[in-house]
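These are my notebook entries on one structure. I looked up accessibility, ring geometry and the arrangement of a sheet, and I record each result below.

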Amino acid sequence: MNIQGGTFMGEQQFPLKKRLLANYDYSFDRHGVSGDRLASRLHQLAQIGLTADNGSNRPGFSPQELTAKKLVATWMEAAGLIVTTDGAGNVFGRLEGNNPTKKTIMSGSHVDTVPNGGHFDGTLGVLAALEVVEAWKKTGYQPERTFEVVIFSDEEGARFNSGLLGSEAVIGASQINEKLQLTDQDGYSFSEVLQSVDLTVEGYLASERDMEEYELFVEVHIEQGKRLERNNIPCGIVTGIAGPCWVEFTFIGEAGHAGNTPMNDRKDALVAASEFIQLVPTIPTKISKSAVATIGKIAVKPNGVNVIPGEVSLYVDIRDINKTDQENLTTQVKEAAKEVAHKHGVELTWEEKIRVSPVPIREEYQAMLKDVMKEQEIEPYYLPSGAGHDAMVIGEKIPAAMIFVQSKDGISHRPDEWSDLTDCVQAVHVLKRFLEKQQ
Ligand SMILES: [Zn+2]
């Protein structure tokens, strides 16, 4: 999948199906799994909300997302699934298991995208779960446990800068008062946006499910990083989903005239903040291999050419897959800020904006995935998920597992997001065998 002649890869992706099948290894068309069908479905979904750059534009709760859900629902029905939609617009395709006393397994992801996003993020997870059903149907396999293929609404949060709204409704983490305050970029409120796709706030609230009925949620997703590609591995075992913690730090010094204030008589908030910015990247490696901290947003006041900065606010995004490590990292980042503020004689305040608990993935599921990988002649490779996913939300209530698929150049949320079909199909086989081992 090389970018040829410097042309933008998005241009070359179409027709998507043809490109996907161009170097597909058909030896993976076995046990009822079809690369052709998967490619065709990825292609058809990519047509919905197709942008001028050949990207995808299907914001959560948009007509495009709804059209994509309806298309997948027709495939679900054709595969023999009982399709229902809840009040949050989440779509469930249910395959009744042979043994009604056993708990249900759920697998899927989302079909919404960021503006001008790619064609694999989310959609692959939904289609992978559906492909397992197709394979079972083809081979006459009947699972003991009921299996549900799910499409969660608005995972990306492109609409309200929030995300995960569908999966949150399912577990009842609706924090509805906060959501009612949301407005999208066109000024539409949460309830107005729901109404635009024939949903209501009441229906959204009523979408909470009894999670006791579920054994496990498993999500196939593109890696959105480069680890699998670097190691030449089609798909990997996710060890945990990092929860983000956002802390806003404000360094308060004294604004003054850049010409008239001597160097030894300054309280420059930006000089202090910049030392902190240098310090933050050195902290995570002291905590764990998966810990990360990022400063991506900063505001300087008054932000004038000839004014000593009086106040600097910045956000630190802190993540790790282990809760204690996430907490330790947060504490150490705060300590570093305190020391720097003290050294520069400026004041410091901070406010934790969000803290999402990381979701660990049980050893037993990781071990089962390892066995499946070996069976499929894939070298087991473990990696954390730095980004949040529906599995992070569902994982608050029931055990979750994730399978990452190799991403080309780690690119995601862009039209040139790419995963080779052979890798996608291998992930389907891993998911299928993993599910069969849960019966
Ligand atoms: Zn996603």
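Entry 1, tyrosines. I began with tyrosine 26, which is partly exposed at a relative accessible area of 42%. The model is a predicted one, and I keep that in mind for every value in these notes. I then checked tyrosine 24, which is buried, its relative accessible area being 7%. The cut-off explains the two labels: a residue is buried under 20% and exposed over 50%, so 7% falls in the buried class and 42% in the partly exposed class in between.

Entry 2, aromatic pairs. How many aromatic pairs does a search of the whole structure find? I obtained 11. For tyrosine 24 and tyrosine 26, I read a distance of 4.8 Å between the ring centres and an angle of 70° between the planes. Planes over 60 degrees apart count as edge-to-face, and therefore this pair is edge-to-face.

I next took tryptophan 136 and tyrosine 141, with ring centres 5.1 Å apart and planes at 40°, so the pair is tilted. Is tryptophan 136 buried or exposed? I found tryptophan 136 buried, at 1% relative accessibility. Tyrosine 141 counts as partly exposed, at 27%. I also noted one aromatic cluster, formed by Phe249, Phe251, Phe276 and Trp350.

Entry 3, charges over rings. I looked up arginine 209 and found that this residue lies over the face of phenylalanine 92, 3.5 Å from the ring centre. For arginine 19, I recorded that the charged end sits over the ring of tryptophan 418, at 4.9 Å from its centre.

Entry 4, the sheet. In which order do the four strands of the open sheet run? I read the order as β9-β11-β7-β12, with antiparallel pairing. The edges are β9 (292-301) and β12 (347-355); each has a single partner strand, so one side of each lacks a neighbour in the sheet. On average, neighbouring strands are turned by 20° against each other, direction ignored.

I then followed β9 to its partner β11 (residues 311-320): nine bridges join the two, which run antiparallel. Within this pairing, isoleucine 298 stands opposite leucine 314 in β11.

Entry 5, helices on the sheet. I noted that helix α13 (residues 323-344) packs on the sheet and touches β7, β9, β11 and β12. The direction of α13 makes about 10° with that of β7. Helix α11 (residues 269-279) lies across β7 (243-252), β9 and β11, and I recorded an angle of about 15° between α11 and β11.

Conventions:
Residues are numbered from 1 along each chain as its sequence is written. This is a predicted model: local features need pLDDT of at least 70, side-chain atom pairs count only at pLDDT 80 or more; totals for chains, interfaces and linings use all residues. Side-chain values use heavy atoms; hydrogens and water are left out. Two strands pair if DSSP finds at least two bridges between them. Axes are lines fitted to C-alpha atoms, for helices over the stretch in contact, and angles run from 0 to 180 degrees between N-to-C directions. Contact means heavy atoms within 4.5 Å. Rings of Phe, Tyr and Trp (its six-membered ring) pair if their centres lie within 6.5 Å; planes under 30 degrees apart count as stacked, over 60 as edge-to-face and the rest as tilted. Buried means under 20% relative accessible area, exposed over 50%, partly exposed in between (1.4 Å probe, protein chains only). A charge sits over a ring if NZ of Lys or CZ of Arg is within 6 Å of the ring centre and within 35 degrees of the ring normal.
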